[in-house]
Amino acid sequence: MLRMGGAGTTGMLMAAGAQSAGPAYPPPTTVDTGTVADGKVAFPEWRGAADKPSAPPPAPTPPAQRVGFAIVGLGRLSLEEILPAFGECGKARPVALVSGTPDKLRAVAKQYGIAESACYDYAGFDRIQDDPAIQAVYIVLPNGMHREYVERAAAAGKHVLCEKPMATSTGDARAMVDACARAGVRLMVAYRCQYQAHNQRAQAFVRDGTFGRLVGMSAVNVQTTAPDATRQWRHKRALSGGGALPDIGLYCLNAARFLTGEEPVEVFATVVSPPGDPRFAEVEETVSFTLRFPSGFIANSFTSYGAREDKHQRLLFAQATVDMPNAYAYTGQRLVVGRRARSDTVQEEVVLKATNQFAAEIDHFAECVRKNQRPRTPGEEGVQDHVVMDAIYRSAATGRPVMLPRVDGLDATRGPMPRQA
Ligand code: NAD
């Protein structure tokens with residue numbers, strides 16, 4: 001007699017008289033087991049059409065084949081977001097750390113299983129060129145240090161992912177693009193929102209004309225800074241390049257650009273800082289800026305280090321209002337569409353799976369490195385934000401609108417869209 005076994009014994013035949021581990025279960029079908037093609041497991045849908053189908057299971061690259069990253073700078077962003085996000089990456093892994101603080105370097109290396117031989121200080125950074133496990137470098141240093149470390153990483157022959165803002169001046173940003181082009185390495189600026197599901201859906205609403213023309217946008221990115229914040233690099237111009245604008249207002253500016261794919265042709269701005277506050281002796285507290293785009297779309301943005309945290313974006317379409325609470329936050333994004341339905345006004349929330357946007361951004365760069373492709377947010381994307389920020393500061397200084405050269409076509413500074421989950 002031959003019997004089919006229980007769980008986990010699909011297709012395995014047990015000889016008569018053999019000890020069975022348990023009762024005889026009805027054998028699974030491929031609906032239960034799924035199927036494997038191209039090294040990927042797929043399950044057929046088992047729920048009704050009224051329910052949202054589940055996404056295919058992740059198919060991570062085997063750890064040894066993932067793109068190896070060196071993380072440069074072990075500050076808050078690296079420790080609180082980036083290193084944990086690697087745990088959710090499928091194509092990238094951390095293989096080296098760079099820090100000027102030896103006890104922190106040792107502690108973090110232990111936490112993430114990084115060998116002592118793959119820990120570098122800033123003086124020894126250039127030795128990364130001898131480590132073939134490091135294919136890419138993620139620069140997470142104060143803004144004023146980005147140029148030096150991007151150039152040194154490129155000279156070491158490593159691809160570079162650089163935190164935003166790309167630099168502290170347009171000239172530095174351009175030099176970084178040139179250095180990476182000369183070295184033949186890819187450069188990407190870490191505009192995580194462009195890899196975030198709610199922001200990508202909002203972009204699709206604009207590009208597909210789902211609700212008609214995008215007429216306007218109101219974007220707020222504000223937060224407060226501690227009374228003794230003068231000790232922090234964000235309040236030192238040489239390291240930050242500016243105050244709220246390059247740090248957080250940049251998200252509003254970049255969103256207005258990537259949602260539409262257009263480039264602004266006119267900028268008008270006002271900058272205000274509380275007089276006598278030492279925190280704002282070198283950098284500004286508050287910036288209000290308006291961008292006009294070739295299609296007539298107008299983006300009004302407000303950024304400040306003086307107001308309680310709020311990161312709200314509202315898109316004003318001809319036929320709908322799309323509200324995005326927490327648009328620029330690490331988590332908690334929402335997408336609420338207000339529109340007319342027959343004789344009613346409805347507010348509908350588009351519920352999207354919350355995924356780790358840092359992991360999505362890192363995996364996108366890893367894929368670009370592996371396939372030798374231009375990233376969605378290459379260095380040129382960062383340069384253009386610097387060009388517009390220069391115009392914002394110029395307008396505020398002169399009290400007049402500043403015109404920018406018209407850029408034809410869409411997404412002039414971007415690579416192809418990443419595959420969406
Ligand atoms: P942070 O102050 O927490 O970390 C900066 C690290 O740089 C620290 O470990 C510090 O020791 C090191 N450092 C080396 N030399 C330094 C010097 N001379 N002065 C000061 N620090 C020095 O800052 P952070 O918040 O991690 O920001 C780092 C970068 O990441 C910045 O470019 C910032 O704009 C960017 N950032 C991006 C996001 C995002 O959501 N993408 C969020 C926060 C910060």
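In this predicted model, L77, E81, I82, A85 and F86 of helix 2 meet F358, A359 and I362 of helix 9. Sorted by type, the residues of this contact are seven nonpolar, no polar and one charged. Two packed helices are described by the angle between their axes and the distance between the axes. Here helix 2, residues 76-86, and helix 9, residues 357-371, pack at an angle of about 65 degrees, and their axes are 8 Å apart. The crossing of helix 2 and helix 9 is right-handed.

Two residues of this contact, F86 in helix 2 and I362 in helix 9, also touch A92. A92 is found in strand 6, which covers residues 92-98. Leaving aside residues up to four places away in sequence, A92 touches R66, V67, F69, F86, I362, D363 and A366. One of these partners, A366, is 274 residues from A92 in sequence, yet the two C-alpha atoms are 5.9 Å apart in space. Is A92 buried or exposed? Its relative accessibility is 1%, and buried means under 20%, so A92 counts as buried.

F69 and F86, both touched by A92, lead on to the aromatic rings. The structure holds ten aromatic pairs. F69 and F86 form one that is edge-to-face, with 5.6 Å from centre to centre and 65 degrees between the planes. Because F69 lies in strand 5 (residues 67-72) and F86 in helix 2, this pair ties together parts that are 17 residues apart in sequence. F69 and F86 are each buried. Ring pairs also bring in F365, so that F69, F86 and F365 are linked into a cluster.

Another aromatic pair joins F211 and F317. Their ring centres are 5.6 Å apart and their planes stand at 65 degrees, so this pair too is edge-to-face. The pair links distant parts of the chain, 106 residues apart: F211 is in the loop between helix 6 and strand 11, and F317 is in strand 16, residues 313-317. Both F211 and F317 are buried.

Helix 6, which comes before the loop holding F211, spans residues 197-208 and contains H198. With a relative accessible area of 4%, H198 is buried. What does the side chain of H198 join through a polar contact? The partner is the side chain of Q196, at 3.0 Å. Not counting residues up to four places away in sequence, H198 touches M324, Q333, R334, L335 and L352.

Methods
Residues numbered from 1 in each chain as written. Predicted model: local features only at pLDDT ≥ 70, side-chain atom pairs only at ≥ 80, totals over all residues. Heavy atoms only, no water. Helix = DSSP H or I, 4+ residues; strand = E, 2+ residues; numbered from the N terminus. Buried < 20%, exposed > 50% of the residue type's maximum accessible area, 1.4 Å probe, protein only. Contact = heavy atoms within 4.5 Å. Axes fitted to C-alpha atoms, helices over the stretch in contact; angles between N-to-C directions. Left-handed = near helix turned anticlockwise from the far one by under 90°. Nonpolar A, V, L, I, M, F, W, Y, C, P; charged D, E, K, R; others polar. Polar contact = N/O pair within 3.5 Å; in protein donor to acceptor, adjacent residues only side chain to side chain. Phe/Tyr/Trp six-rings, centres within 6.5 Å; stacked < 30°, edge-to-face > 60°.
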